[in-house]
Amino acid sequence: MRKILIIGNWKMNLNTSEASLLVHRLAERIKIHRDIEIVLAPTMLTLQPLSLQIDRRKFRLAAQNAYHRDEGAFTGEVSFTMLRDLIHYCIIGHSERRHIFNEDLPTIRDKVSAAVRNDIIPILCVGETKTERQDGETKQVLHDQLMSGLANLTAKEVGQSVIAYEPVWAIGTGDIAPPDKAAEAVAYIRNYIRDVFGTRPAQKIRVLYGGSVTPDIVSGYLEIPGVDGFLVGGASLNYESFSGIVESARKWQRRHAEVENER
Ligand code: PGA
């Protein structure tokens with residue numbers, strides 16, 4: 001059975017004690033599921049204490065950002081090298097970083113390379129804005145973001161990475177991408193990987209959907225071919241909704257396994 005990956009991006013929310021309380025509540029509600037991997041992406045400040053608190057069989061950690069150089073005179077930054085013992089994943093190229101912090105394509109490419117160099121799995125976020133979609137530029141935008149973001153990786157490294165398709169207009173808006181639009185984008189992403197890096201990485205790479213994910217949409221989106229899970233923002237800050245997302249995924253997986261068995 002294909003493992004489902006669910007990532008909670010807490011963004012710039014929750015101080016150390018609030019983060020610790022949320023993890024405590026999640027740990028009470030969420031059981032260890034062999035076929036579901038759950039990743040929490042708290043602020044940089046709380047990665048260290050949470051790394052001591054979490055049950056690693058239940059949760060893994062991701063950073064929301066890091067700097068691509070290993071060390072040196074870069075005031076205010078934290079490097080992938082410094083994080084490598086704490087985290088499994090790093091979110092890279094999130095639309096908030098692209099748009100609010102003006103991260104351009106080469107910056108994101110360098111961060112993806114630095115993550116891989118430090119044995120951290122990149123979660124490369126791609127997606128179009130509302131205007132780009134209206135202007136029919138979605139595929140071009142995805143093409144440019146993938147081409148540049150993955151430029152320095154080998155086919156094997158691409159296969160081990162994660163892509164999160166997050167249409168910018170669906171992030172934090174409650175405006176979920178219609179399943180057919182998400183399906184088209186996810187198919188485009190996998191086809192791009194197949195054409196450039198080969199069939200194996202295209203099958204192996206995990207592709208997530210992100211943008212206003214709630215427990216209600218989980219089963220519908222898991223039906224989309226090629227979707228391996230979710231990058232969750234707002235709903236990951238609440239233990240009921242985040243554990244609800246995990247529970248919906250588990251139920252979908254169980255139903256899916258039954259259907260497979262009957263065949
Ligand atoms: P959202 O955020 O679930 O609040 O829309 C998703 C994200 O930014 O990764």
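In this predicted model, helix H5 (residues 105–117) and H7 cross at roughly 45°, and their axes come within 8 Å. Angles that fall between 35 and 65 degrees count as oblique, and H5 and H7 are therefore oblique to each other. On the H5 side, the contact is made by Leu105, Pro106, Arg109 and Val112, and these meet Asp144, Gln145, Ser148 and Gly149 of H7. Sorted by class, the residues joining H5 to H7 comprise 3 nonpolar, 3 polar and 2 charged ones.

Helix H7 also has a second partner to introduce. Spanning residues 138–149, H7 packs with helix H9 (residues 179–197) at an angle of about 40°, and the two axes lie 10 Å apart. H7 and H9 are therefore oblique to each other, and their crossing is right-handed. From H7, the residues in this contact are Lys139, Leu142, His143, Leu146 and Met147, while H9 supplies Ala185, Tyr188, Ile189 and Tyr192. The contact of H7 with H9 divides into 7 nonpolar residues, 1 polar and 1 charged. Set beside each other, the two contacts show how H7 is placed: Asp144, Gln145, Ser148 and Gly149 face H5, whereas Lys139, Leu142, His143, Leu146 and Met147 touch H9.

A further helix pair brings together two other parts of the chain. Helix H1 covers residues 16–29 and helix H12 covers residues 239–262; they pack at an angle of about 40°, with axes 10 Å apart. H1 and H12 are therefore oblique to each other, and the crossing of this pair is right-handed. Here Leu22, Arg25, Leu26 and Arg29 of H1 make contact with Tyr239, Glu240, Phe242 and Ser243 of H12. In terms of class, the contact of H1 with H12 holds 4 nonpolar, 1 polar and 3 charged residues.

Attention now turns to the ligand. It is surrounded by 14 residues, of which the closest are Lys11, His94, Glu166, Gly172 and Ser212. Several polar atoms can be followed individually. For Glu166, a polar side-chain atom lies 2.7 Å from an oxygen atom of the ligand. Gly172 takes part through its backbone, where a polar atom is 2.6 Å from a ligand oxygen. Gly233 likewise offers a polar backbone atom, in this case 2.8 Å from an oxygen atom of the ligand.

Two of the residues closest to the ligand, Lys11 and Ser212, also deserve a look for their backbone. Most residues other than glycine have a negative phi. Lys11, although not a glycine, has a positive phi of about 50°. Lys11 is found in the loop between strand S1 (4–9) and H1, the helix that packs with H12. For Ser212, phi is near 55°, again a positive value in a residue other than glycine. Ser212 is found in the loop between strand S7 (206–210) and helix H11 (218–222). Both Lys11 and Ser212 thus combine a place among the closest residues to the ligand with a positive phi, about 50° for Lys11 and near 55° for Ser212.

Conventions:
Residues are numbered from 1 along each chain as its sequence is written. This is a predicted model: local features need pLDDT of at least 70, side-chain atom pairs count only at pLDDT 80 or more; totals for chains, interfaces and linings use all residues. Side-chain values use heavy atoms; hydrogens and water are left out. Axes are lines fitted to C-alpha atoms, for helices over the stretch in contact, and angles run from 0 to 180 degrees between N-to-C directions. Helices (H or I, at least four residues) and strands (E, at least two) are DSSP runs, numbered from the N terminus. Angles under 35 degrees count as roughly parallel, over 145 as roughly antiparallel, 65 to 115 as roughly perpendicular and the rest as oblique. A crossing is left-handed if the near helix is turned anticlockwise from the far one by less than a right angle, and right-handed if clockwise. Contact means heavy atoms within 4.5 Å. Ala, Val, Leu, Ile, Met, Phe, Trp, Tyr, Cys and Pro count as nonpolar, Asp, Glu, Lys and Arg as charged, and the others, Gly among them, as polar. A residue is near a molecule or strand if one of its heavy atoms lies within 4 Å of it. A polar contact is a pair of N or O atoms within 3.5 Å; within protein, one must be able to donate a hydrogen and the other to accept it, and residues adjacent in sequence count only if both atoms are side-chain atoms.
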